[in-house]
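Please open the model in your viewer and keep the selection tool at hand. The tour below goes from one stop to the next, saying what to select and what is there.

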Amino acid sequence: QVQLVESGGGLVQVGGSLRLSCAASGGTFSSYPMGWFRQAPGKEREFVVVISRSGGRTYFADSVKGRFTISRDNAKNTVYLQMNSLKPEDTAVYYCAADSTRGVVLSTTPADFDSWGQGTQVTVSS
């Protein structure tokens, strides 16, 4: 399994921006679709976005479409989540995850991802 470490979370005001990073090690990063998920207190973990192995395809949850972007640098084994126009409802712990089995298929289901980071807290204050 690949090891994942997220960074970049913090406290930001409504309308602000944050950029999360997820650094991978111990695997073949360029072989994995990568996803970002989030979990707010008392709620289930929910899908945010997924990116294909090459970075050429992405799929966003409707709740973040137009505000968040995802990118990856396979030379640096890192995936990024740029979050703009943040809202209080974006407050959550954000996790990156790797899917080492599905190849070209982009999943939005947490159970399909087999490696997870420890999470980074994002808090949006109003």
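Begin by selecting R102, which sits in the loop that runs between strand 9 (92–98) and strand 10 (115–116). Keep in mind along the way that this is a predicted model. With a relative accessibility of 29%, R102 counts as partly exposed, because that value falls between the limits of 20% for buried and 50% for exposed. Now add S107 and D112 to the selection, since R102 is in contact with both of them when its neighbours within four places in sequence are left aside. If you also mark F113, eleven residues away along the chain, you will find its C-alpha atom 9.0 Å from that of R102.

Stay with R102 and show its side chain, which makes a polar contact of 3.1 Å with the side chain of T101. The side chain of R102 also meets that of D99 in a salt bridge, at 3.0 Å from N to O. Is D99 buried or exposed? D99 is buried, as its relative accessible area is 0%.

**The open sheet**

Next, select the four strands that form an open sheet in the order 1-3-8-7, with antiparallel pairing. Strand 1 (3–7) and strand 7 (68–73) stand at the edges and have a single partner strand each, so one side of each is left without a neighbour in the sheet. On average, and with direction ignored, neighbouring strands here are turned by 15 degrees against each other.

To follow the pairing in detail, start from strand 1, which is joined by five bridges to strand 3 (residues 18–25). Here Q3 has S25 in strand 3 as its bridge partner, and S7 stands opposite S21 in strand 3. Then move across the sheet to strand 8 (residues 78–83), which runs antiparallel to strand 3 and is joined to it by six bridges; at R19, look for Q82 of strand 8 on the opposite side.

**The nonpolar core**

Which residues have the most contacts inside the largest nonpolar core? Select M34, W36, F68, M83 and Y94, which hold that place in a core of 34 residues. At least two residues of this core come from each of strand 3, strand 4 (34–39), strand 5 (46–51), strand 7, strand 8, strand 9 and strand 11 (120–125). Centre the view on M34 and display what it touches beyond four places in sequence, including L4, C22, F29, V49, I70, V79, A97 and F113.

**The salt bridges around R38**

For the last stop, turn to the salt bridges, of which the structure holds six. In general, side chains of opposite charge can pair when their charged atoms come close. Select R38, which counts as buried because its relative accessibility is 5%, and then E46, which counts as partly exposed at 36%. The side chains of R38 and E46 meet in a salt bridge, with 2.5 Å from N to O.

The side chain of R38 also forms a salt bridge with that of D90, at 2.9 Å from N to O. Since R38 lies in strand 4 and D90 in the loop between strand 8 and strand 9, this pair ties together parts that are 52 residues apart in sequence. D90 counts as buried, with a relative accessibility of 0%. Finally, add R67 to the selection to complete the view of a network of salt bridges that links R38, E46, R67 and D90.

Terms used
Residues numbered from 1 in each chain as written. Predicted model: local features only at pLDDT ≥ 70, side-chain atom pairs only at ≥ 80, totals over all residues. Heavy atoms only, no water. Buried < 20%, exposed > 50% of the residue type's maximum accessible area, 1.4 Å probe, protein only. Contact = heavy atoms within 4.5 Å. Polar contact = N/O pair within 3.5 Å; in protein donor to acceptor, adjacent residues only side chain to side chain. Pairing = 2+ DSSP bridges. Axes fitted to C-alpha atoms, helices over the stretch in contact; angles between N-to-C directions. Core = buried A, V, L, I, M, F, W, Y, C linked by side-chain atoms within 4.5 Å. Salt bridge = Lys/Arg side-chain N within 4 Å of Asp/Glu carboxyl O.
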